[in-house]
Amino acid sequence: MQDRIFYRRAVNHDSVHLLACALAGLAGAVAGASLVRRSRSSGFEPNRHTQLAQLNDTPARRYYTGFNPQRAIAISDLRAMSHKRLPRFALEYLEGGAEDEAAMLRERRAFANWRFMPRTLVDVSHRSLATNILGRPAAMPLVISPTGLNGILHVHGDRLLAQAALHADVPFVQSTMSNDTMEEVARAAPGVRHWWQLYVFGGDEIWQELLRRADRVGCEALVLTTNAQIFGDREWQRRNQIGKGRLSASAALESLTHPLWFVENPLSHGLPSFANIIDFVPKDQRSFFAASNWVRAHQPASLSWDTVAKIRERWKKPFILKGILCPDDVRRAVDSGVDGIVLSSHGGRQLDWTISPLDLLPFARKIVGEKTALYISGGVRRGTDLLKACALGADAVWVGRAPLYGLCAAGAAGAVRALEILQAEARNAMGLLGVSHVDDLGPHLLAQTGRVA
Ligand SMILES: Cc1cc2nc3c(=O)[nH]c(=O)nc-3n(C[C@H](O)[C@H](O)[C@H](O)COP(=O)(O)O)c2cc1C
């Protein structure tokens, strides 16, 4: 009931606009059809980022693209399923990086630079990925990273991801740009380790109010994203929008060629709203695209270590900085008294041509010591990625797109499946690596490509 009310309210101006654009586009069907054909053929290849060594793609690999998430064997299958379901503008939002997407590609490729040196003749009959995250037990060293606009990918995306996290016994980080309220998420996944990710925008009273709410709702930790005050140049997004707040007619038309997504999302529920922050947005800017652009335009470029100190002062529970990629900032973060650091380039969506979090990880671990939790976020698509990150010093990996592929493919069941796949792969690879516990992972099990020290 509550759900219905929420979404009926959200059937706004935007969805009417989407529908109107789509119908207008239909009138130009001939031109439209050729446009759609072109946009599809230049779309993402399912193996563009995930497959690194497939013998020149012969025979060409097939991915599962049906409806049953249990039949997804790897994250690539969930990815292929979501490619089939999503309209192009949403798919580009999910997959895209900034400018040439060099940072994003590096995140994936950095994992290929490290190779295992497996131990053999080790009894690995009792293996466990169980670990501690912020001092509390978790089933594996993994956190669902914050992602905004989940509601455009799947109705109630935030709640469903939280439920998947609860099922997998790992923390879920909810974005400031999420579409379900934090209270709804807490109700939908009672007992989930719920963390709140903060974007600072507008005046101080806004983040102060969000902190009060996050505390009230039982959020266990606060994550301040530090590298998104200036918005990365995501060219695909500008191509999909007209002006500042509208989807182009061709993008709206293309969305009609994904009837399942169209019917289940904008047609039935309207476009989602930024439920946690919409009250802070001026009334004439509250439509979906306009609100997101407004928030971006009001994120102060003056965010600094002083802001970190002010937030640290107010938030008494664990406090984590996300978006650090420079050794000096790792040091500064430790000195600022935060409880955790996430090395992250925002999935390659902010500054292009950055090093990858994995590249910095071994150095960052040396700086941090054991005092502060150290996480990486970016490029994790395999259980072996998780093991490499932990071996190089990460306390956990924060995954963004992997569970989102599952969410787009099949809602909560798909997100659960994504986490199951990563866990099963990591557990299996641990056995092959000759390791039984996460704590036994270390750099002694890895060599950089071409170098054995
Ligand atoms: C669609 C999408 C939306 C994102 N939104 C946010 C966000 O609202 N806040 C944030 O701190 N990071 C955001 N990120 C970055 C993720 O938290 C995460 O760091 C990144 O996706 C990691 O890379 P991966 O997708 O390769 O796992 C977003 C990433 C994606 C792909």
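**Notebook: H16 with H17, the ligand shell, two loop residues**

I looked up the contact between two helices and found that Pro327, Val330, Arg331 and Val334 in H16 meet Phe363, Ala364, Ile367 and Val368 in H17. By class, the residues of this contact divide into 7 nonpolar, no polar and 1 charged. I note that this is a predicted model.

Next I checked the geometry of the pair. The axes of H16 (residues 327-335) and H17 (residues 357-368) come within 9 Å and cross at roughly 30°. Angles under 35 degrees count as roughly parallel, and H16 and H17 are therefore roughly parallel to each other. I recorded the crossing of H16 and H17 as right-handed.

I then turned to the ligand. I found 24 residues around it, the closest being Ser145, Gly148, Gly347, Gly400 and Arg401. Helix H5 (88-95), strand E13 (396-399) and helix H19 (401-433) are the elements that give two or more residues to this shell. The shell residues divide into 8 nonpolar, 13 polar and 3 charged.

Last, I went through the loop between strand E11 (340-344) and H17, where histidine 346 is found. Histidine 346 is not a glycine, yet has a positive phi of about 65°. Is histidine 346 buried or exposed? I counted 24 other C-beta atoms within 10 Å of histidine 346, so I entered this residue as buried.

Tryptophan 353 also lies in the loop between E11 and H17. Tryptophan 353 has a positive phi of about 65°, again without being a glycine. I entered tryptophan 353 as partly exposed, because it has 13 C-beta neighbours inside 10 Å.

Technical notes
Residues numbered from 1 in each chain as written. Predicted model: local features only at pLDDT ≥ 70, side-chain atom pairs only at ≥ 80, totals over all residues. Axes fitted to C-alpha atoms, helices over the stretch in contact; angles between N-to-C directions. Helix = DSSP H or I, 4+ residues; strand = E, 2+ residues; numbered from the N terminus. Parallel < 35°, antiparallel > 145°, perpendicular 65-115°, else oblique. Left-handed = near helix turned anticlockwise from the far one by under 90°. Contact = placed C-beta atoms within 7 Å. Nonpolar A, V, L, I, M, F, W, Y, C, P; charged D, E, K, R; others polar. Near = placed C-beta within 6 Å. Buried ≥ 20, exposed ≤ 12 C-beta atoms within 10 Å, placed from the backbone.
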